[in-house]
Amino acid sequence: MSDNKGVRRVNEDLARERANCSFDVREITFLLDGGENNTITRKKIEDFTLTDELLSDKVPDECLSPKEKYENAVRKSCLFGKLVKDKLLEFGGLETFGPNSFVLRRIADAFFKEISPLLLHLGMFVPTILGQCTAEQQSEWLPRALSMQVIGTYAQTELGHGTFIRGLETTATYDPETEEFVLHSPTLSSFKWWAGGLGKTVNHCIVVAQLHTKGQCHGTHPFIVQIRDLETHQPLPGIKVGEIGPKLGFNTADNGFLGFDKYRIPRMNMMMKNAQILKDGTYVKLDRHGKMTYGTMVFIRVMVVNEVAFNLAKAATIAVRYSAVRRQSEKKPGEPEPQILDYVTQQHKLFICIATAHALQLTSDWLWRTFSGVVTDIKHGKTDSLPEFHALSSCLKAISTSDAALLIEQCRHSCGGHGYMMSSNLPLIYSFVTATRTYEGDYTVLLLQTARFLIKAWEQAEAGKPLTPTVSYLTKYFKDGRVPWDSTSEGIVNAAYGVAAGKISACVKSIRNRVKTGLSYEDAWDLTTVQLVAAAEAHCRAVICDVYRSEAVRLTEKSSPNVRAVMRQLTTLYLHYWALERIGDLLRYSAVSEEDVVALQQKYEELLALIRPDAVGLVDAFDIRDEILNSTLGAYDGRVYERLMEEALKSPLNAEPVNRSFHMYLKPLMQGKL
Ligand SMILES: CC/C=C\C/C=C\C/C=C\C/C=C\CCC(=O)SCCNC(=O)CCNC(=O)[C@H](O)C(C)(C)COP(=O)(O)OP(=O)(O)OC[C@H]1O[C@@H](n2cnc3c(N)ncnc32)[C@H](O)[C@@H]1OP(=O)(O)O
Ligand SMILES: Cc1cc2nc3c(=O)[nH]c(=O)nc-3n(C[C@H](O)[C@H](O)[C@H](O)COP(=O)(O)OP(=O)(O)OC[C@H]3O[C@@H](n4cnc5c(N)ncnc54)[C@H](O)[C@@H]3O)c2cc1C
């Protein structure tokens, strides 16, 4: 694939790697894009949108002050928004940009090194209108939101509570006299905190508050609230709003705080799809399941799996290309310095990143299809599949974000000192992805949600009741005893399920034993949570291994033999990597022997050697353009050192030979005059 900038000198090592690649890179790009036509459309859109005129920043973003960075991000958000509105729809309308096409998402990274202040508008405000409003409310709010007259965010988390939604303190009290809700922040800890775009950008937000009517509290519900004047953008009376300050990342997202002083909104601003307040204040519950107001969070958890897969693919592309260009040390005395990609330890750090990016992307595609089925069920009034889907999306969100963040950091380590440069883009990719482990549900908290479902499933299996698809394996592994060992890919997946079943069984025993000692169920559960998190992780790992293996086989059915071979090598590498990482669990719950462990390790090392010649081809197949990678180390042409120097020279400190601090402080210090 070219970098779309015409012919340019490519680093010789990279050129040789590409010449030696065993497969046609485009074939894997088509697989990852979901077909050749998708690739063609994506590339057309990228060619059309990624023009220098829109993207050029004279001073690197990271050298700007926080205020300048934010203003630049708003400028680009507006340009980007206009581009989408005016031009891009001709490439197939909204369908092309449906949540599962992710084309816009990729392009956005070329515009924003950090994040758009409008991410939450498109990412959560609009989806919540779609998911939580009645048809009548949608027809009022959606056109205004899509045309950007109304710009919104999602304000749920408060200073005092993020995880425990039922503990939120903001109140929305219905006043039948005026047919209004009175929003109020009774304490400091009830101030909304974190919502992206809230600090300076939005004029509306979705506020999640405790609904009170007729003297009774009915729990948390979502409301649409105007917070700024549409003409002047001044906060409205009764609103206290601001930005929360610098963070590890997300620094252009103007995350904000918000407090209400008896602030009134019309009755119809309550999002009424799942519950309603009648004019006289009567509360009508329409949600038979009880957790439908959590729907936007479930949707975003699904999206996040794809999001982190893409970010890991970016980090792997940067690190693998750099490792092909970088030469260091010597393997044998007097020999030329090898490419660092030739060190087996470097391959161990990086090839799992490529395999995991594939595993997460295929799992995310599968999760999206499963989610579409659940949404269709809900439209037909069926909510039976929701508990299983909540358990599945919770653990996949937790594990994918955690794995991706760790592996992106590993990519940075693998680039040595230059990986620490902001211009490598690895620090920003990491700071973005590590937040995904926390937001939209913390890692531990979500795994415990999954564990709750798994323990119930185990009890159902014991009672001989049928199980839902993702836990049906529990029936097979129900009897105590070790899972037979078989070193094929299928065998490793079975063993992963066996480990999950063994861990769930151990949790059940542990809780029951604790209850027998006189503890309450809640206390017994609490004392078992370390094991419960591990059991949910094992379950999720087994699901990812299973889905990755079967989806890769299905996708490559019609592929050329070489593509099938390299895709098979990657899945096998992934399965062996995790078998070795979890060898203690396998020794405990399966019949794996010492000889089997030696064979697993040997096979893993053979796979590293097999993948080595195709490594650059594999990251080229992600087909991520230079503008999107935004990296001195990862550009297609491999001109690493030239780019590092070019970027260094853009530093504002290099604009003058002597900085004024010399005259103000250093010189007086040197002369003893300070
Ligand atoms: C264009 C966009 C492109 C890409 C997108 C990419 C990026 C993302 C974009 C934006 C994101 C940016 C920023 C992030 C924004 C946020 O973070 S918003 C705030 C998110 N907050 C959270 O996620 C809070 C997490 N907490 C919770 O979800 C819940 O409090 C809880 C699940 C932990 C607990 O809820 P409770 O009400 O207390 O319930 P419980 O007592 O534990 O359980 C009762 C039963 O309910 C079941 N359940 C809970 N949740 C759900 C659900 N969502 N769906 C279905 N069922 C649910 C639970 O399983 C229990 O069932 P039982 O049968 O066991 O009783
Ligand atoms: C970059 C970023 C953007 C965000 N954007 C938004 C936004 O736009 N809108 C919005 O509403 N929110 C937003 N958030 C908030 C985010 O959703 C919350 O921070 C997140 O849900 C975690 O909640 P918390 O901060 O209350 O963590 P806490 O729950 O306080 O977690 C702290 C620790 O306590 C542990 N813990 C908590 N409860 C339990 C439990 N029951 N069992 C075991 N351990 C537990 C956690 O595992 C963690 O280790 C954002 C956060 C970040 C970082």
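Which domains does the domain assignment of the protein chain give? Domain 1 covers residues 22-113, domain 2 covers 122-286 and domain 3 covers 443-620. Please keep in mind that this is a predicted model. The views below take you through the chain, its domains and its two ligand shells.

**View 1. The protein chain as a whole, with its 25 helices and 11 strands.** A good place to start is the overall fold. The radius of gyration is 27 Å, close to the 26 Å of the globule rule for 674 residues, so the chain is as compact as a globular protein of that length. Along the principal axes, the C-alpha atoms fill a box of roughly 90 × 75 × 65 Å. Buried residues make up 44% of the 674. If you take the contacts with a separation of 6 or more, 75% of them join residues 24 or more positions apart.

**View 2. Where domain 1 touches domain 2, the two C-alpha centres being 30 Å apart.** Domain 1 brings 7 residues to this contact, and domain 2 brings 7 residues as well. Sorted by class, the domain 1 side has 5 nonpolar residues, 1 polar and 1 charged.

**View 3. Ligand 1 and the 32 residues that surround it.** The closest residues here are G123, Y294, H390, Y439 and G441. Four helices each give two or more residues to the shell: helix 8 (119-132), helix 10 (295-325), helix 12 (386-414) and helix 14 (443-462). Which helix gives the largest share of the shell around ligand 1? That is helix 10, with 6 residues. By class, the shell around ligand 1 holds 17 nonpolar, 9 polar and 6 charged residues. Why does ligand 1 lie between domain 2 and domain 3? Both domain 2 (122-286) and domain 3 (443-620) give residues to its shell, so ligand 1 lies between them.

**View 4. Ligand 2 and its shell of 23 residues.** Look for Q156, T157, G162, T163 and T444, which are the closest residues to ligand 2. Strand 1 (154-155), strand 4 (192-195) and helix 14 each give two or more residues to this shell. Helix 14 gives the most, with 3 residues. The shell around ligand 2 divides into 10 nonpolar, 11 polar and 2 charged residues. Domain 2 (122-286) and domain 3 (443-620) each provide at least three residues of the shell around ligand 2.

**View 5. The stretch 294-455, which an unreviewed UniProt entry annotates as "domain: Acyl-CoA oxidase C-alpha1".** Helix accounts for 74% of residues 294-455 and strand for 0%. The C-alpha atoms at the two ends of this stretch are 22 Å apart.

**View 6. The stretch 490-671, which carries the UniProt annotation "domain: Acyl-CoA oxidase C-terminal" from an unreviewed entry.** Residues 490-671 are 76% helix and 0% strand. For this stretch, the end C-alpha atoms are 74 Å apart.

**View 7. Helix 25, residues 660-670, a hardly covered helix.** How many of the 11 residues of helix 25 are buried? The count is 0. G672 follows helix 25, and its phi is positive, near 65 degrees.

Note on methods
Residues are numbered from 1 along each chain as its sequence is written. Chains are lettered from A and ligands numbered from 1 in the order in which they are written. This is a predicted model: local features need pLDDT of at least 70, side-chain atom pairs count only at pLDDT 80 or more; totals for chains, interfaces and linings use all residues. A residue is near a molecule or strand if its C-beta atom, placed from the backbone, lies within 6 Å of it. Ala, Val, Leu, Ile, Met, Phe, Trp, Tyr, Cys and Pro count as nonpolar, Asp, Glu, Lys and Arg as charged, and the others, Gly among them, as polar. Domain bounds come from an automatic or database domain assignment. The radius of gyration is taken over C-alpha atoms; the globule rule is 2.2 Å times the number of residues to the power 0.38. A residue is buried if 20 or more other C-beta atoms lie within 10 Å of its own, exposed if 12 or fewer, and partly exposed in between; C-beta atoms are placed from the backbone. Two residues are in contact if their C-beta atoms, placed from the backbone, lie within 7 Å. UniProt positions are given in the numbering used here, feature names are shortened, and annotations may be inferred rather than shown by experiment.
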